[in-house]
Amino acid sequence: MKHNEFNTDVREEYLPYGRQWIDDADIEEVIKVLKSDYLTTGPAVARFEKAVSEYVGAKYAVAFSSGTASLHGACFAAGIGEGDEVITSPMTFAASANCVLYVGGKPVFADIDKVTYNIDPSQVEKAITEKTKAIIPVHFTGQPADMDKLHKIAEKHNLIVIEDAAHALGATYKGEKIGSLSDMTMFSFHPVKHITSGEGGIITTNDKEYYEKMLQFRSHGITRDPEKLIDNHGPWYYEMQFLGFNYRMTDIQAALGESQLKKIDTFIDRRKKYVAMYNHSFSNLEEIEIPFQNENGASSWHLYIIRLISEKLSVSRKEIFEELVNNNIGVNVHYIPVHLLPYYSKLGYHKGICPQSEKLYEEIITLPLFSAMTEKDIEDVITSVNNVINKYRK
Ligand SMILES: *Cc1c(COP(=O)(O)O)cnc(C)c1O
């Protein structure tokens with residue numbers, strides 16, 4: 001890999017940090033649905049659920065209108081409610097904790113490990129009380145969390161484990177695909193994730209009871225299953241047995257998702273190739289810490305995050321961020337720790353409860369990484385980062 005040392009030109013086009021990759025085959029599949037009898041939940045949703053469950057090696061899958069709705073469904077199926085505490089990482093998107101609030105539970109934040117950026121099992125252990133009902137580990141950036149330790153803790157304290165694998169479709173833990181290791185696992189199909197359905201999410205599980213509960217939950221709590229009905233007035237009869245939502249995925253979304261899933265291996269290979277290019281270039285820069293790598297290449301690389309060593313730089317993260325944006329490099333910061341968001345402050349969470357996450361938040365920048373990028377795009381990012389670091393090296 002080489003880049004032109006003399007080229008300080010700014011990219012002409014803004015490069016986002018992530019975006020979808022839709023091809024003609026995807027478009028064909030969506031058009032087929034538009035010409036068919038079903039637009040909402042029909043045969044394409046069932047096919048997509050089967051394809052995802054087979055891909056990750058789980059028995060069941062329930063598709064939802066979003067990853068967030070999926071997490072809500074999982075928390076409901078797990079029986080989380082008023083007074084229950086659920087432990088999750090603060091270094092995540094708000095949805096990982098919001099889902100606990102939706103069902104009346106209380107999110108409890110356990111700090112991250114400063115090397116892997118994933119939830120630290122020893123912090124999880126410390127956060128457990130007699131009210132703890134579940135753990136929601138997040139496979140941050142696609143790097144699997146320490147599931148053996150987390151499962152051990154869960155077993156010891158009789159906790160349900162719901163994995164937030166929004167970043168981790170195709171990631172493996174000790175050789176096994178993420179998606180069948182815990183009680184339930186959530187994947188998101190938002191356009192910046194590995195594959196997209198426009199909006200959409202899914203829960204995979206091996207538990208029939210959770211599966212059936214989520215099917216009913218995503219459609220108002222209504223069932224027509226004769227075995228589940230309390231009464232039966234006739235062939236038109238259905239029952240709403242609990243308060244559910246309309247969280248259904250449409251066949252339009254599912255057809256796109258199914259077509260995208262066929263390309264997942266290529267998508268991940270390209271992400272890995274680009275990560276290798278970034279690592280190769282940035283490992284020469286003392287001012288940057290490159291992300292943790294599991295030696296068996298288990299990450300599915302949703303995000304590429306660099307950590308700036310502030311003592312070695314003459315300007316702040318904010319200035320470096322702004323300069324990269326001015327170079328048309330679409331950088332981002334993942335994430336503002338959830339407990340620092342104003343709504344969570346109002347609930348009583350405050351700075352100081354997760355120092356590792358708070359420190360990391362001050363130092364990180366997410367660089368563009370998505371499968372539709374070209375090598376030229378990657379080289380542009382590398383050039384810009386090198387230029388900015390060289391300019392502000394102490
Ligand atoms: C994207 C994401 C979600 C939510 O998924 P949506 O499909 O956008 O609702 C949840 N958790 C994490 C970590 C995410 O990145």
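**View 1. Two cavities of 30 Å³ or more are counted in this predicted model.** A cavity here is a set of points on a 1 Å grid over the protein atoms alone where a 1.4 Å probe fits but cannot get out. The largest cavity has a volume of about 50 Å³ (space filled by probe spheres set on points joined across faces, edges and corners). Its lining (residues with an atom within 4 Å of a point) consists of Val115, Thr116, Tyr117, Phe140, Thr141, Gln143, Pro291, Phe292 and Trp301. By class, this lining has six nonpolar residues, three polar and no charged; Ala, Val, Leu, Ile, Met, Phe, Trp, Tyr, Cys and Pro count as nonpolar, Asp, Glu, Lys and Arg as charged, and the others as polar. Local features need pLDDT of at least 70 and side-chain atom pairs 80 or more, while totals for chains, interfaces and linings use all residues. Numbering runs from 1 along each chain as its sequence is written, and side-chain values use heavy atoms, without hydrogens or water.

**View 2. The largest pocket holds about 350 Å³ of space.** A pocket is an open set of points with protein on both sides within 12 Å along at least five of seven lines. The lining of the largest pocket comprises 23 residues, and those nearest its centre are Phe93, Ala166, Ser188, His190 and Lys193. Two or more lining residues come from each of helix 3, helix 4 and strand 8 (DSSP runs, H or I of at least four residues for helices and E of at least two for strands). Helix 3 contributes the most to this lining, with three residues. Sorted by class, the lining of the largest pocket contains nine nonpolar, eleven polar and three charged residues.

**View 3. The ligand sits in the largest pocket (more than half of its atoms lie within 2 Å of the grid points).** Around the ligand are 16 residues (a heavy atom within 4 Å), of which Gly67, Thr68, Asp164, Ser188 and Lys193 come nearest. At least two residues of this shell come from each of helix 3 (67–77), helix 4 (95–102) and strand 8 (184–188). The shell around the ligand has six nonpolar, eight polar and two charged residues.

**View 4. Polar contacts (N or O pairs within 3.5 Å) join the ligand to Thr68, Gly67 and Lys193.** In Thr68, an N or O atom of the side chain is 2.5 Å from a ligand oxygen. Gly67 places a polar backbone atom 2.8 Å from an oxygen atom of the ligand. For Lys193, the distance from a polar side-chain atom to a ligand oxygen is 3.0 Å. On its own the ligand has 380 Å² of accessible area (Shrake-Rupley, 1.4 Å probe), and the protein covers 93% of this.

**View 5. The peptide bond from His334 to Tyr335 is cis.** Its omega is near -5°. Tyr335 belongs to the loop that joins helix 10 (317–326) and helix 11 (342–346).

**View 6. Asn158 has a positive phi, near 55°, although it is not a glycine.** Asn158 is found in the loop linking helix 6 (147–157) to strand 5 (160–164).

Technical notes:
A polar contact is a pair of N or O atoms within 3.5 Å; within protein, one must be able to donate a hydrogen and the other to accept it, and residues adjacent in sequence count only if both atoms are side-chain atoms.
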